[in-house]
Structures are given as structure tokens and as C-alpha cells.
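Visitor: I would like to go through some backbone details. Please show me the model to begin with.

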Amino acid sequence: MRVVSLVPSLTEAVAASAPDSPGLLVGATDWCSHPADLDVVRIGGTKNPDVERIVRLAPDLVIANEEENREPDLTALRETGLEVLVTEVRDVPQAFRELERVLEACGVRARPRWLDEAEAVWADLPVPARRRRAVVPIWRRPWMVLGRDTFAGDVLARLGVDNVYAGHAERYPRVPIEELRSAEYVVLPDEPYRFTAEDGPEAFEGRPCALVSGRHLTWYGPSLVEAPGVLGRAIASTG
């Protein structure tokens, strides 16, 4: 089996689930940073994969995501005769179902321990001590935030943070910064835009801002085991 992954979290999930099959993953995007020692052909970005390079790798399967990858690229891959599996992940339970589907399609026979651990952690979350209503910017210039039906929004809701724009018509709406400043709480992840202590909080003077790991907020893979603890500590430390 030869697999090319167009999704960083799925790359990590497959690599961690088949450590004894180093030849399973033959290609991944430039953004696939985990595991750190991943040694595969890089095929470009999630939004601009090199279709010809992928074809030359002769994969049995390309794994993708309906949000992270563009339909024209997936269509181009299918037109070459490649099989493309596209995931849809809008909440935590769906992430677990899609991970099982991906691993089965990749020929991973034994259910990985990390997947059991992640499901157990998320099934046994404590009731949040308090709930906060927050805006969650994911980009600036222009400012964009989490809207409806997002995996990251569901993650935060389970940890006691309710997204102000969860009912918005768009999934990632552009919102004027003046409107965002009315929020009582702000969550700033370090991806896709890399918000830092010096780049982001200054736009929300007087509002508590939680700087959180984008990988733990938006990736669905082995990071799900640590995500409640990592994100919970970041949220609890601010306001």
C-alpha cells in the first residue's frame, strides 16, 4: 500500500498508527510537520499540491479533506485514475469516525492505542467550571473568525468556550475588528495565522486573550490525546 496525504493531521495519524510500515506514506504536504522525523516526498501545500509529482509517486490512495483541500485539485487527481478519499470533520465524534475510516482504507489492521486513549479522554471530560463566550480569530488582514459547524468550535465548546459566531451563516466569516472588540473573551490560535503574545492581543486591549496551540485546536489525530489538557490549561490561565 502506498499513500499520499494532503492533510497534516491525517499524515500524523497514519504515521503514528503504522510505525512498522515506513513505506506506507510516500508523500505529504510541506505543512505536514508531524512526526518530526517524517521522511517522505513533499508534494507542495494543502491548497496547491503538485499533481504531477503525486502521480509519479504512484500511490494506491490519496487522503484529503473537504475543507483543507480544493475540489479542483482533487478532481485533477481523480482524472488521472487515482483513488482519493475525502474526509469531512465538523465535530469531535465525526473526527473519530473519519479517522477509523482513513486508517482502514490505508490498510492499518490493528487499532492504534492513541485512538483509544483519545476517545477515552474526550468521553470523560469534566464539566467546565465556568463557560465563556469568545471570538476565535483565525486570520488578520482581513480579520476572519470561526463561524458555524467547525471542528475547532466543537472542541472549544466541550471545554467550556462558546463561539460567539457559532450561528453565523458562514463557516469562516470576515468580521470588522471593531465588532470583534465587543467580545468578552478572545481565543487566538497559532495557526493558520500565527498569533503570538506580540501579534494579536494588542488588537483587543482590555479583553482576556488565550493564546492556544493551533495543532491541538484544529488537528484531528494523535494530538487529540493531549488537546483537552493543553487547551484547558491555556484557557484557565486567562481571565
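The questions below deal with cis peptide bonds and positive phi values in this predicted model.

Visitor: What is omega for the peptide bond from histidine 34 to proline 35?
Guide: Proline 35 sits in the loop between β2 (25–28) and β3 (41–42). The bond that joins histidine 34 to proline 35 is cis. Its omega is near -5°.

Visitor: Which loop holds proline 192?
Guide: Proline 192 follows glutamate 191 through a cis peptide bond, with omega near 5°. On one side of the loop is β10 (186–189), on the other β11 (209–212). Proline 192 is thus placed in the loop between β10 and β11.

Visitor: Is arginine 141 buried or exposed?
Guide: Arginine 141 is not glycine, yet its phi is positive, near 60°. The residue lies in the loop between β7 (137–139) and β8 (144–145). Exposed requires over 50% relative accessible area. Arginine 141 has 63% relative accessibility, so the residue counts as exposed.

Visitor: Why does aspartate 149 count as partly exposed?
Guide: Aspartate 149 is in the loop between β8 and α6 (151–158). Partly exposed covers the range between under 20%, which is buried, and over 50%, which is exposed. Aspartate 149 is partly exposed because its relative accessible area is 44%.

Visitor: What is phi of aspartate 149?
Guide: Aspartate 149 is a residue other than glycine. Its phi is nonetheless positive. The value is near 55°.

Technical notes
Residues are numbered from 1 along each chain as its sequence is written. This is a predicted model: local features need pLDDT of at least 70, side-chain atom pairs count only at pLDDT 80 or more; totals for chains, interfaces and linings use all residues. Side-chain values use heavy atoms; hydrogens and water are left out. Helices (H or I, at least four residues) and strands (E, at least two) are DSSP runs, numbered from the N terminus. Buried means under 20% relative accessible area, exposed over 50%, partly exposed in between (1.4 Å probe, protein chains only).
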